[in-house]
Amino acid sequence: MSQLSFFGRVARTWSVGDLTRYLRELLEGDFRLQDLWVRGEVSNVSRPASGHVYFTLKDADASLRCVMWRSDVVRQRYLPREGETVEAHGRLGVYDAAGQYQLYADTLRPTGEGELFQSFLRLKEKLEAEGLFDPAKKRPLPAWPARIGIVTSPAAAALRDVLHVLRRRFPLGEIILASTAVQGEEAPAGIVAALKALNRHARPDVILLVRGGGSLEDLAAFNDEDVARAISASIAPVVSGVGHETDFTIADFAADLRAPTPSAAAEIATPDRLELARSVTQARQAQQRAFGLMLQERRNELRTARAGLQAASPRAVLANARQRVDDFGLRARRAVETGLALRRASVRGLAQTLRAVGPAAVLARGYAVVQLQSTGAVIRSVRQVTPGDPLKVSVHDGAFDAVAGERSAE
Amino acid sequence: MAKAKEKSPEEMTYEQAFEELQQIVASLESGKMPLDEALKLFERGQTLSERCSALLEQAELRLRQLVPDEAGEYREEELDLEEE
């Protein structure tokens, strides 16, 4: 780009591609054009095999080419129909090959839903500020919903879905249907009356407020202030199951529990029959175990008691006494024996002493004892002897006879 | 242990039967009772558990509906919508 002066410049020659790219960058660089709602009348709808949808939005002044890719088409609740006035959300871009700017739409809604949504938000804010959605106000669901109130239309597929789930999961329950229109002018008052009637006359343990999917307008009754207040005032806890997974209604916020669908509401509110059967089996096993354990304990006690009994029986006492007698006997005998032994030992000692001092020991050292044969008297003096007296001479290993000779005095 | 329980299991709802069954299990587990009483409890527990199982097997959803009358009140009626 050459520049001649401050104020003017030589016009640049663009290639079509560069220009188109430049325009696209302009459009895509403007955030206001990348997230917008456009209202207009639908025309020239075409839906080729690709699954994308092409249409034009127009009003009295202008028209706008629109395309919606297949991935967005499948998410729509509402698809454009020739001649209808709609609001399309998306971003502006440029289709280079055709040299066209167009709306890449991702969401479509009939005109009026925008206002509905705004009032939805306003009501939600208001009730929220009042504390109607306060988590602390949410009532817990009963573990055993013997009586289940249902508020819905008897013709609705939602009722069939709910009953199907309840038959499978919890056939022990009793269902009380309070039928009402769930769509149209009458619906809000009908739902309020049904909730009140159930609480007043049927006293259910839980209430399922259900309705199948639909447009925001179809679900309007569930975004009604009176309905929200009736839910909040319900004595029985309320489970809401309105529309599809992605639909949130004021009723959902006011309910004690929000389920994504009618079937899910029935599941959340009830125990499962299989689960119940399992706990019955467990209880049965637990009591068998407990009783078996008790028997075992009693058996052990009995065994202990029997052992105690045997120890205390007369026979045992007798045996015991006998043993004690035996013990005493033994001890006595032992005592006597010990005394004897002691005595024996001392006798033995004395004998030894005796022996040491006795004549035998003297004789053994070479002395002899001389006795008169006539009297046996031991000779201690020469005066006892007359020459010729027969004598008995004892030495340590025997004795021999002798005859006294001449006496000699010292 | 509550002693006012000579209700026949045949007349009991699932909820009543199961609750008593659980009480019996707890009593037996505490183990503090004469043996003959324990045996009685055990036998009753067996009967109750059979009653519970039977109720689970045989139960059929009861359908009723609230119908408004002329006085602006409501009464309960059988609901019959098995047109499938």
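In the predicted model, strands E1 (residues 62-68) and E2 (residues 74-78) of chain B pair in the antiparallel sense over 5 bridges. Within this pairing, B:Gln65 has B:Glu77 in E2(B) as its bridge partner. The two strands form a hairpin with 5 residues between them, and B:Gly72 in the turn has a positive phi of about 80°. E1(B) also pairs across the chain boundary: 4 bridges join E1(B) to E7(A), and these two strands run parallel. In this parallel pair, A:Ile175 stands opposite B:Leu63.

The hairpin belongs to a chain with 2 helices and 2 strands, whose elements follow the order α-α-β-β from the N terminus on. Chain B holds 84 residues, of which 25% count as buried. Among its contacts with a separation of 6 or more, 40% are made by residues 24 or more positions apart. The average pLDDT of chain B is 83, and 89% of the residues score at least 70. Where pLDDT is low, the predicted coordinates should not be read in detail. For the model, ipTM is 0.82 and pTM is 0.59.

The contact between the two chains involves 32 residues of chain A and 31 residues of chain B. On the side of chain A that touches chain B, the elements giving two or more residues are helix H4 (157-169), strand E7 (174-179), H5 and helix H9 (273-312). H9(A) supplies the largest share of this side, 13 residues. By residue class, the side of chain A that touches chain B divides into 22 nonpolar, 4 polar and 6 charged residues.

Turning to the interior, the largest nonpolar core has 70 residues. The residues with the most contacts inside this core are A:Val162, A:Ile191, A:Leu198, A:Leu208, A:Ile231 and A:Ala251. Helix H5 (residues 187-202) of chain A gives the most to this core, with 8 residues. The core lies between domain 2 (116-271) and domain 3 (275-312) of chain A, because both domains give residues to it. Apart from this core lies another, of 11 residues, which include A:Phe55, A:Met68, A:Ala88 and A:Leu108. In soluble globular proteins, nonpolar side chains tend to be buried together.

The surroundings of one core residue, A:Leu208, can be listed in detail. With neighbours within four places in sequence left aside, A:Leu208 is in contact with A:Ile148, A:Ile150, A:Val162, A:Val239, A:Gly241, A:Ala265, A:Ala266 and A:Ala269. A:Val162, one of these partners, is also listed among the residues with the most contacts inside the largest core.

Positive phi values also occur in chain A. A:Asn44, a residue other than glycine, has a phi near 55°. A:Asn44 is found in strand E1 (residues 36-46) of chain A. This residue counts as partly exposed, because it has 14 C-beta neighbours inside 10 Å. A:Arg203, likewise not a glycine, has a positive phi of about 45°. A:Arg203 is placed in the loop between H5 and strand E8 (206-211) of chain A. With 12 other C-beta atoms within 10 Å, A:Arg203 is exposed, since the exposed class takes residues with 12 or fewer.

Note on methods:
Residues numbered from 1 in each chain as written. Chains lettered and ligands numbered in written order. pLDDT = per-residue confidence, 0-100. Core = buried A, V, L, I, M, F, W, Y, C linked by C-beta atoms within 7 Å. Buried ≥ 20, exposed ≤ 12 C-beta atoms within 10 Å, placed from the backbone. Domains from an automatic or database assignment. Contact = placed C-beta atoms within 7 Å. Nonpolar A, V, L, I, M, F, W, Y, C, P; charged D, E, K, R; others polar. Pairing = 2+ DSSP bridges.
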